[in-house]
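Colleague: I am new to this one. Walk me through it, and tell me how each label is earned.

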Amino acid sequence: MTSTPRTSETSRSPELRLTLKALGGLRADLFDDALAYRPLPRLDLSRGRLRFLPERIRDELGVLPHLVVGLAALIVFFLGFERARDSIGPVVFVYAVVPAVAVLFTLFRPVLAFWVSLVSTPFIAYLGSYGDGWPWAPNSFAAQLVVLVIVALRTRPRTAGWMWLVTAGYALFVSVFIGGIGYENDALPLLFTAGVCLLLVTTSQVRRQAAREVTAQQSVTAVERSRRTLLEERTTIARELHDVVAHHMSVVAIQAEAAPYRVESPPPELEQAFVTIRENAVAALTELRRILGVVRAEDYEAPDAPQPTLADLDGLVANVREAGLEVETTVTGSVRELPQGVELSAYRIVQEALSNVLRHAPGAAARVEVSHVLGGLGLRVVNGPARGLVKPQPATTRSIGAGHGLTGMRERVAMLGGEMTAEATDDGGYEVAVFVPVSVHREEPQP
């Protein structure tokens, strides 16, 4: 029996792997990125309450974070200058300027600013020697807090945790092994204050990140929902039009098979042509059935009645009236037979428009206008404002045979190469207007 050799990674204990992973995070956050150039971006005022301000004012307010950092650096400088102004010139310069420079470094190299502030702390404390505190002088104390907060705001929560731990380790080392005789130890006040500030910053960052993720997820969900709705509507249209197309193809196949028998002694070329037509029609029917099998839902049931047409519009209006909607129907123009696909789509559009009235404008009166005009078919469904105390049904409610609202209507109109408008009316109602082009076929006179 052969044993699989254990690699160094698998032979390590879970505790050791966790420690190495943590140290790897420390190195990535505070060492590898120490010199990274990250200029502080301008404040984005295109969102939130200030987005309504004039553009010029918003542009000027964009440098507000830079001004805040500069003001903090100025305060740190004056804290040091006030205590060291009676000292020698270079001492005043180093004591007052170095902590302020560490604050300014947060504008373009935030991690380096942390190290500058931390490393300069013992030198500033010894250089001052005013007995104010150890291991942080007052100006270094303020600079360290400001740097920790700004760097935490500009990086991620894990970096804030590492900075606090490194600061605590430094404070423990200096307090135990170096110490400051005659100085008041201010390590605990700084660590407590920094811990509270970093906790607040981290909590705010986590909440903002969660809000961004929720917003992004909602956007993705909305897009996916829109795509799914569109695909479902197209699938519904495909299933409905299958019956229409299959009927025409069946008629073509039957006529192609019967045509040679209507002519006495037809030439072989004509017989072969009709055979080819019939074979192509049968093949097309077979492919249609296969496609329908692909797009058919698992719970789909084949209709037990022919697909509706404009001739069935009266029955639809009667059903809607029974549901409590006042509907007036007007048909203008010379009524003529239209292609079955146009008739079916026109019926579904009217059906969906009336369903929307029932859902979103309860108690309103509706009017349906069907116009047979030269070159096409016009549809117009208009309703008034909602009346009464009837609560509207939710938008997810679907009537029998209806689609997904305006999405389904637009898909049907686009399929037929028509035009559609859907907009609110001046009186608070809603209007859906559709025009579907229909080519005019002139029938040849019978001999």
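**Labels and the values behind them**

Modeller: Start with one aromatic cluster: Phe-31, Phe-114 and Trp-115 form it. Bear in mind that this is a predicted model.

Colleague: How many aromatic pairs does a search of the whole structure find?

Modeller: The search finds 6. One of them is Phe-77 with Phe-81, and that pair is stacked.

Colleague: What makes Phe-77 and Phe-81 a stacked pair?

Modeller: Two values. The centres are 5.9 Å apart, and a pair needs centres within 6.5 Å. The planes meet at 15°, and stacked means under 30 degrees. Both tests are met, so the pair is called stacked.

Colleague: Where do Phe-77 and Phe-81 lie?

Modeller: Both are in helix H4, residues 64–84. They sit 4 residues apart, about one turn of the helix. An α-helix has 3.6 residues a turn, so residues three or four places apart point the same way.

Colleague: Why is Phe-77 called partly exposed?

Modeller: Its relative accessibility is 26%. Buried means under 20% and exposed means over 50%. The value for Phe-77 falls in between, so partly exposed is the label. Phe-81, at 34%, is also partly exposed.

Colleague: What makes up the largest nonpolar core?

Modeller: It has 38 residues. Leu-30, Val-103, Phe-114, Trp-136 and Met-163 touch the most other members. Helices H2 (14–32), H4, H6 (110–128), H7 (138–154), H8 (157–178) and H9 (187–258) each supply at least two residues of this core. H7 gives the largest share, 8 residues. There is also a second, separate core of 32 residues, including Leu-310, Val-320, Ala-364 and Ala-366.

Colleague: Which residues is Val-103 in contact with, leaving aside its neighbours within four places in sequence?

Modeller: Val-69, Ala-72, Ala-73, Val-76, Ala-143, Val-146 and Val-147.

Colleague: Now the strands. How do you know that S2 and S3 pair?

Modeller: Pairing takes at least two bridges. S2 (residues 365–373) and S3 have 8, and they run antiparallel. The test is met, so they count as paired. One bridge joins Glu-369 to Arg-380 in S3. The hairpin has 2 residues between the strands, and Gly-375 there takes a positive phi near 95°.

Colleague: What about S3 and S5?

Modeller: S3 is joined to S5 (residues 430–437) by 8 bridges, again antiparallel. Asn-383 has Tyr-430 in S5 as its bridge partner.

Colleague: Why is S3 called largely enclosed by the rest of the structure?

Modeller: S3 spans residues 376–383, and 7 of its 8 residues are buried, so the description fits.

Colleague: Which residues of helix H13 are buried?

Modeller: In H13, residues 406–415, they are Gly-408, Met-409, Glu-411, Arg-412 and Val-413. Just after H13, Gly-417 takes a positive phi of about 75°.

Colleague: And the chain as a whole?

Modeller: It has 13 helices and 5 strands. Of its 447 residues, 33% are buried. The exposed area is about 27,700 Å², with 61% of it from carbon and sulfur atoms.

Colleague: Where does pLDDT stay under 50?

Modeller: One such stretch is residues 389–403, where the model has 23 contacts beyond four places in sequence. Residues 442–447 are also below 50, with 0 contacts beyond near neighbours in sequence. Over the chain, the mean pLDDT is 79, and 80% of residues reach 70 or more.

Key: Residues numbered from 1 in each chain as written. Predicted model: local features only at pLDDT ≥ 70, side-chain atom pairs only at ≥ 80, totals over all residues. Heavy atoms only, no water. Phe/Tyr/Trp six-rings, centres within 6.5 Å; stacked < 30°, edge-to-face > 60°. Buried < 20%, exposed > 50% of the residue type's maximum accessible area, 1.4 Å probe, protein only. Areas by Shrake-Rupley, 256 points an atom, 1.4 Å probe, with all protein chains shown as cover. Core = buried A, V, L, I, M, F, W, Y, C linked by side-chain atoms within 4.5 Å. Contact = heavy atoms within 4.5 Å. pLDDT = per-residue confidence, 0-100.
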